[in-house]
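This report concerns the sequence and predicted model shown below. The sections deal in turn with the strands, the helices and a bound ligand.

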Amino acid sequence: MTSDREQFLREMGLGPVWKMRRVSAPLPVEELATPIPADHGLLPDSARPSEPAIAATTSLAPMAWDELAATVAACRQCRLCETRKQAVLGVGDVNADWLFVGEGPGAEEDERGEPFVGQAGKLLDSMMAAIGLKRGQGVYIANAVKCRPPENRTPAPEEIAACRPYLERQIELIKPKLIVALGRPAAQTLLQTDVKIAAARGKLHDYHGIPLIVTYHPAYLLRTLLDKAKAWEDLCFMRRTMKPQQEG
Ligand code: URA
Ligand code: SF4
């Protein structure tokens, strides 16, 4: 093990034994009994295959941050609105070079209105610190779904599809230089394809011309000792990918 890697593991706060009181264990994806109403009014290629793209384009595409934030706060486009305390849009620098995308808010995020503030968030902060990044400074953090899935279950495909236009608009506004998808739901949302993290990591993907890297979700890393080393490789890959761009 290199000293850098040891340093990383220390910075991640990862001793030989990892203890967590509670993490959001992925559960089997549930099928929604009720279809999403087809009146989202957001971007094309969204959750409404039956909707004409034109109508969708007109309402969300021009939205600035204020309007987007108000729309998300009041959103009732999927059933997650029924159990959330508040929608969690995202946090950070709206002109960020780096965009990290997680899965969905957990209990603490739902309570505080900010993504990644619980245990997984602490690990994400440490992972970012290991490559010289700090929350809010050149970094924006968002989630695939803006409302907390009950019992921290994995968001259903319909919920992710309903929420995706918000993430798409966030990306349009931020124009990041690199997107990091944390875990499978984020990767699948952004790449619009079936993704297995083990196969997708270590490669440079493309999100409408923006480089995208897939890595493990911090909550998964908290449970999975073996993949910490792979996460370190992924962080190095992110840093290498950004360096030439930043120098150029
Ligand atoms: N896990 C996520 O995917 N997002 C959060 O905001 C918190 C935990
Ligand atoms: Fe709306 Fe997204 Fe919340 Fe569903 S998860 S209610 S689509 S903001």
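Which residue in strand 6 stands opposite Asp-206?

## Strand pairing at one edge

In this predicted model, the residue facing Asp-206 is Pro-211 of strand 6. The two strands concerned, strand 5 and strand 6 (residues 210-215), are joined by three bridges and pair in the antiparallel sense.

## The sheet as a whole

These strands belong to an open sheet of six strands, arranged in the order 1-3-2-4-6-5 with mixed pairing. Strand 1 (90-92) and strand 5 (205-207) occupy the edges; each has a single partner strand, and therefore one side of each is left without a neighbour in the sheet. From one strand to the next, the twist averages 25°.

## Helices across the sheet

Two helices may be described against these strands. Helix 5 (residues 119-130) lies across strand 2 (98-102), strand 3 (139-143) and strand 4 (178-182), and its direction makes an angle of about 145° with strand 3.

Helix 7 (residues 184-191) lies across strand 2, strand 4, strand 5 and strand 6. Relative to strand 4, helix 7 runs at about 135°.

## The surroundings of ligand 2

Ligand 2 sits in the largest cavity. Its shell comprises eight nonpolar residues, one polar residue and two charged residues. Among the residues that surround ligand 2 are the cysteines Cys-75, Cys-78, Cys-81, Cys-147 and Cys-163. The shell also includes Gln-77, Leu-80, Arg-84, Lys-146, Ala-162 and Tyr-166.

## Contacts of Ala-73

Arg-84, one of the residues around ligand 2, is also in contact with Ala-73. Ala-73 lies in helix 3 (residues 65-73). Apart from neighbours within four places in sequence, the contacts of Ala-73 are Arg-84 and Ala-87. Ala-73 and Val-88 are 15 residues apart along the chain, and their C-alpha atoms are separated by 7.7 Å.

Terms used
Residues numbered from 1 in each chain as written. Chains lettered and ligands numbered in written order. Predicted model: local features only at pLDDT ≥ 70, side-chain atom pairs only at ≥ 80, totals over all residues. Heavy atoms only, no water. Pairing = 2+ DSSP bridges. Helix = DSSP H or I, 4+ residues; strand = E, 2+ residues; numbered from the N terminus. Axes fitted to C-alpha atoms, helices over the stretch in contact; angles between N-to-C directions. Contact = heavy atoms within 4.5 Å. Near = heavy atom within 4 Å. 1 Å grid on protein atoms, 1.4 Å probe; cavity = no way out; pocket = protein on both sides within 12 Å on 5 of 7 lines; lining within 4 Å. Sits in = over half its atoms within 2 Å of the grid points. Nonpolar A, V, L, I, M, F, W, Y, C, P; charged D, E, K, R; others polar.
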